[in-house]
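Biologist: Please take me slowly through one part of this model, beginning with a single residue and its surroundings, and then set that part against the rest of the chain.

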Amino acid sequence: VVTNGGLSWASGGAWGWEVHVARDGHDRTVARGSFPSVHENDDGYVEEGSVGAFAAAGNMALLELRGRSGSSKYDQYDDTSSVAMIDLKTGHVGSLGGCSAHVDAFNGPGAGSPVGAQFATDGEHAIVSVCGGSRFVDARGKTTATALGDLGGGVVAGEHVAQQLTAGVVVRDWKTGETLYTVPTPADTLRSAFALMPDGALAISRFTTQEPGCASGTLTWASPAMPGGMLLPVAPCTLDLSAGGARAVVVAEASDGPGRVLAEISAAQPRRDVAWLGTGAGFVGGIDAREGPAAYALACGDNARLLRAGNDATPHGVDCPDLRLYDQTTTGNTLLVRASVAAAATARVTATVRVVGRTLRHTAVPRSGRLTFRFRLPVKARRVEPELTLVYPGDAVYIRQLVRG
């Protein structure tokens, strides 16, 4: 997501989790943690962790951490779900609670795994739903009193909260508890998404099919001054939706030919296409239009994501950098990692090695598309798995690609 003019993301694996911020072409790890890791011993005992949902705005980031421990031999596990709150400026990590549940497939159904956490933040406050309860917290993680009841699945923007309830999408003032307006949900709606703005305006995308598509999508704009809402002349193609600066941003079909674009529109502003997404159906991994130009993540191969904020909707090739780790050798405690990349000379590649509880990093600029990294390992390692990360700076453009050896 876009935060303070940069991009933030979370990554995780058996080694643990990390939260990153990229700004002006620099990729910085602001927080990290480890997971207990017992892949499987002779008795079938396993202990592992993973990351779930992620959200961020301003300097506030929220990350779901999931864990599992138990016996793969008897299908008996204890599953946990918790929410970490990360300050993207200081790196401080706090906990917003969690729970555990016992799963016993050997003797019969147990309590089942905890339901995945849901949360949303505007950078000042956050609604956190985890383990059947919801909390409204400030930027320090302190619970803030509201005049509202359960806020599960809600989003916050300024002094307003929006929730999808049975009657429709309800917008309320979280300080007074006053219901400002409700936008009814049509009976034929099967899938929907909404985005809330600080002034209480709403953008709602709806689909009459289980699989969202351009032919079944509609976009509605509503506000305290226009509570009934109005249909906007653009058909969203996916559930990806963001709003800010008095406009909504969706994935739509190009106006003048085949292909998909990122389009922005509002009740007072005609449609404007701001980014070209390509001619294939593609996978858009999220949109964020809350701060300045819209940014989005576009699938780029198996591991890469192209993250861009710009105003170029002219059809063009959406090319992926080809980042490859083609050789790694260890002699004693010296590790050589050789890689290649087809990208602009201004790109930087960072190689990361985790071994014996330590993280080693080297960054280099490709020379004729080739890179060599030399690591002095703290001990003679039996197993080393280098990771490559590519960051390409440009006009608010970052390309990040992760390759594991």
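Modeller: Leaving aside its neighbours within four places in sequence, Thr-350 is in contact (heavy atoms within 4.5 Å) with Arg-361, His-362, Thr-363, Glu-387, Leu-388 and Thr-389. Before going further, please note that this is a predicted model, in which local features need pLDDT of at least 70 and side-chain atom pairs count only at pLDDT 80 or more, while totals for chains, interfaces and linings use all residues. Residues are numbered from 1 along each chain as its sequence is written, and side-chain values use heavy atoms, with hydrogens and water left out.

Thr-350 is found in strand 29, residues 348–355; strands (E, at least two residues) and helices (H or I, at least four) are DSSP runs numbered from the N terminus. With a relative accessible area of 19%, Thr-350 counts as buried, a word that means under 20%, with exposed meaning over 50% and partly exposed in between, for a 1.4 Å probe and protein chains only. One of the residues it touches, Thr-363, also makes a polar contact of 2.9 Å, side chain to side chain, with Thr-350. A polar contact is a pair of N or O atoms within 3.5 Å; within protein, one must be able to donate a hydrogen and the other to accept it, and residues adjacent in sequence count only if both atoms are side-chain atoms.

Another residue touched by Thr-350 is Leu-388, and Leu-388 leads to the largest nonpolar core, being among the residues with the most contacts inside that set of 17, together with Leu-335, Val-349, Val-353, Phe-373, Phe-375 and Leu-377. Such a core is a set of buried Ala, Val, Leu, Ile, Met, Phe, Trp, Tyr and Cys residues joined through side-chain atoms within 4.5 Å. Strand 29 supplies at least two residues of this core, as do strand 27 (322–331), strand 28 (334–342) and strand 31 (370–376). Leu-335 is in contact with Val-353, Phe-373, Phe-375 and Leu-377, among others. As a rule for soluble globular proteins, nonpolar side chains tend to be buried together.

A charged residue elsewhere offers a useful companion to Thr-350. Glu-264, placed in strand 22 (residues 260–265), is buried at a relative accessible area of 6%, and its side chain makes polar contacts with those of Arg-247, at 3.1 Å, and Arg-272, at 2.6 Å. Beyond residues up to four places away in sequence, Glu-264 also touches Ala-248, Val-249 and Pro-270, among others. Ala-246, in the loop between strand 20 (236–244) and strand 21 (247–253), has a positive phi of about 60° although it is not a glycine, and is partly exposed at 48% relative accessible area.

For the wider setting, the protein chain has 0 helices and 34 strands, and 47% of its 405 residues count as buried. Among contacts between residues at least 6 apart in sequence, 44% join residues at least 24 apart.
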